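Biologist: Please take a close look at one part of this model, starting from an enclosed space and working outward. Where a term has a cut-off, state the cut-off once.

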Amino acid sequence: MMEKHFDPAAARKRWNAEWEARRIFAPDEDSGAEPFVIILPPPNVTGVLHVGHILGDTVQDQLIRWKRMNGFNTLWIPGTDHAGIATQKVVENALLKEGKKRSEMTREEFLAEAWKWKEHHHARIVEQMKQLGCAFDWSREAFTLDDARSRAVREVFVRLYEKGLIYRGDYIVNWCPLDQTAISDEEVTYDERDSKLYWVKYDGEAGEIVVATTRPETILGDTAVAVNPDDAAKKHLVGRTCIVPLVNRKVPIVADEVVQKDFGSGFVKVTPAHDLNDFGIGQRHNLPSVVVIDREGRMTKAAGDAFAGLDRFDARKQVVEALEREGRMVKIEPYRHAVGTHDRCGTVIEPLLSRQWFVKMKPLAEPAIRVVEKDEVTFYPPRWRNVYMSWMTEIRDWCISRQLWWGHRIPVWYCADCDHLTVARTDPDACAGCGGTRLHQDEDVLDTWFSSWLWTFSPMGWPEKTSDLERYHPTSVLVTAPEIIFFWVARMIMASLEFMGEVPFRHVFLTGIVRDGQGRKMSKSLGNSPDPLDIIDNWGTDAFRFTLSMLSPPGKDVFFDEEKLELGRNFTNKIWQASRLVMSAVEKLDAPLVGEGAAAPGGFASSWTCAFGNTLAFTPELAWEDRWILSALDRCAADTQRSFSDWRLNDAASRIYDFFWHDFCDWYLELAKVRLYGEGDRRTVLAVMLHVLGQSMKLIHPVMPYVTEEIWSVLP
């Protein structure tokens, strides 16, 4: 007799051990079946998983289990991401609580602490994923900073460098004064803020001119004033000069198409060292670059003695006061505009002229655009295709160097005896130019995305030609969130085309963002993201997974709070109690009843099949209610299969729920009691009940693996 109540914790323990011992989720290397492969988007080792991760993992696990039931040779590869800036930041904060500063440590000492952090949080993440029931092949687990991935990263860097697609140069980068590193364009968040527009008077050869700026502190670094070449009212001033206030620097007036005629007065100050557009003007007109703000966000000596050493925002106030004293401030107006901040810490980004390493992106982007145009890679929901195409057509070079210690060190060595730099796959013993041995490796590390853009093929053993790459690449689908289309999805397509000669995946399935009841994105900083292990302990894995599935229309945000888990817990209990009713009736039958087949050793997962059918072990006389429930079962199976195929996993969960709760439990089981406990063909109704229950477990299994395994294991 089945236990009175389902025990989620006991079921998890039992089936996790069974699955792992039998390596149920490893692919069959000798199978001739079509492969279905997913690479897990690697969670950062900054901390534990949040509910947003669980949504993505649940979707992927459902797809893997469903495809395996449909006869595919499935593989789901797990892994974690070292997450350069984010991990270094949390490790530094943790060390500060112990009275330790990174600035007082050697690089080796700090990295030792970072690896300790990684090991601790990695173990917690793995435990979370196992308790969720994820059908991983753990023997293939990868980490973006392990030795195999490091080799792949170096190989990619050297190949791109030799091809001329990686270069080092002075360029405007997004600089975070707090984290003390350059960041990519995609790591900058732009928010509309209330600010001010300052109208400042410059003396010119042909009289006074007025420029408008939101950043008066950068006036100290001006090396030109620009106008639009089609501005007829100002054409006569091009080629003349004017004097920059406060620093009394004589600068030219130039014409450049980037200038907007309708912004401010039509005159634009040009500060090549502190603005991307101005940097471009400076390049086109051979203007000098004067750096007046340093890497800490403080004014340099080039800003003048009155301002040197001031924080950039304090300097803004003092520059405004100085301009007012000298009669240079014409007016100050309220102005609302977008301000860029670092998405990790919220610090206002400083555009800064800096020497960094870059990847030329346009040659890599062109083939990545073509494969999406030809639907070799499809997006679901389809609207994200346009977002991808828009970004790819306007792509800029990727700044890949980061001023950090935690990450892949840039494989470049500088010679103290000559100007040669050595780029190598392995640490060199001597300079490739002069043969000298006084070499020093570049201090910077690579952007964390430089390792994760190789993620579909580096975990399969690339750059070696492995059997995994031959069998399982390209992968089948990438399940991820829309906010990393630019960071990761697009770059993976580019990398795979460049180094594998094929797309990395056939489909991109984009989930929504998990938000709390107030609409806020789940985050540890807000304290609104409960630990998934606590949820699993309190509600059960099956209840958690089912509720997330029901709440998650494709591509739409999920509004989650724990009270909604009642839905999943109630359904889990309903499944269990209905199964107890059926099994109790079977046990009371005097003669043995042969159903569609005994439960397989090792549980449902070892013999999955989605072969739904209504052939019973004998040909009974079916009552009208028997025919109706069998027909309803077939319709549910067909609808569920269709929903999975169309990426509508929430519809699949809803359809299964409606059939099992209402059609099977509310109607058929109630009707069956008349024949079970009164006069009627008990054997026929029991056969139908068992058949429908077994087929229902197949339907429910991808969403709720533990309760279905428990029930399947006791079916006769």
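Modeller: What follows begins with one cavity, then moves to helix contacts, a pocket, an aromatic pair and some backbone details.

The model is predicted, with local features needing pLDDT of at least 70 and side-chain atom pairs counting only at pLDDT 80 or more, while totals for chains, interfaces and linings use all residues. Residues are numbered from 1 along each chain as its sequence is written, and side-chain values use heavy atoms, with hydrogens and water left out.

Rolling a probe the size of a water molecule over the atoms shows where empty space is left. Here the search runs on a 1 Å grid over the protein atoms alone, and a cavity is a set of points where a 1.4 Å probe fits but cannot get out. A pocket is an open set with protein on both sides within 12 Å along at least five of seven lines, and a lining residue has an atom within 4 Å of a point. Points are joined across faces, edges and corners, and a volume is the space filled by probe spheres set on them.

There are 4 cavities of 30 Å³ or more. The second largest cavity holds about 110 Å³. Its lining has 16 residues, and Leu55, Val59, Phe509, Ser552 and Leu649 lie nearest the centre. Three helices, α2 (51–69), α14 (541–550) and α17 (649–677), each supply at least two lining residues. Helices are DSSP runs of H or I with at least four residues, strands are runs of E with at least two, and both are numbered from the N terminus. The largest share of this lining, 4 residues, comes from α2. The lining divides into 8 nonpolar, 8 polar and no charged residues, where Ala, Val, Leu, Ile, Met, Phe, Trp, Tyr, Cys and Pro count as nonpolar, Asp, Glu, Lys and Arg as charged, and the others, Gly among them, as polar.

One of the helices at this cavity, α14, also packs against helix α13 (residues 532–539), with axes that come within 7 Å and cross at roughly 110°. Axes are lines fitted to C-alpha atoms, for helices over the stretch in contact, and angles run from 0 to 180 degrees between N-to-C directions. The crossing therefore makes α13 roughly perpendicular to α14, a term for angles of 65 to 115 degrees. On the α13 side, Pro532, Ile535, Ile536 and Trp539 meet Thr541, Ala543 and Phe544 of α14, contact meaning heavy atoms within 4.5 Å. By class this contact has 6 nonpolar, 1 polar and no charged residues.

A second helix pair is α9 (residues 383–393) and α12 (residues 485–499), whose axes come within 11 Å and cross at roughly 80°. That angle makes α9 roughly perpendicular to α12. Trp384, Val387, Tyr388, Trp391 and Met392 of α9 meet Ile485, Phe486, Ala490, Ile493 and Met494 of α12. The residues of this contact are 10 nonpolar, no polar and no charged.

A third pair has another make-up. Helix α1 (residues 8–22) and helix α19 (residues 705–712) have axes that come within 10 Å and cross at roughly 80°, which makes α1 roughly perpendicular to α19. Ala11, Arg12, Arg14, Trp15, Asn16 and Trp19 in α1 meet Pro705, Tyr706, Glu709 and Glu710 in α19. This contact has 5 nonpolar, 1 polar and 4 charged residues.

Turning to open space, the second largest pocket holds about 400 Å³. Its lining has 14 residues, with Glu92, Leu96, Arg102, Leu178 and Asp179 nearest the centre. They divide into 5 nonpolar, 4 polar and 5 charged.

The model has 35 aromatic pairs, in which rings of Phe, Tyr and Trp (its six-membered ring) have centres within 6.5 Å; planes under 30 degrees apart count as stacked, over 60 as edge-to-face and the rest as tilted. Tyr171 and Phe358 have ring centres 5.3 Å apart and planes at 75°, so the pair is edge-to-face. Tyr171 lies in strand β5 (residues 166–176) and Phe358 in strand β14 (residues 350–359), so the pair ties together parts 187 residues apart in sequence.

Backbone details come last. Most residues other than glycine have a negative phi, and most peptide bonds are trans. The bond from Trp462 to Pro463 is cis, with omega near 15°, and Pro463 lies in the loop between α10 (449–452) and α11 (467–472). The bond from His473 to Pro474 is also cis, with omega near 5°, and Pro474 is in the loop between α11 and β22 (475–480). Asn286, not a glycine, has a positive phi of about 55°.

Note on methods:
Parallel < 35°, antiparallel > 145°, perpendicular 65-115°, else oblique.
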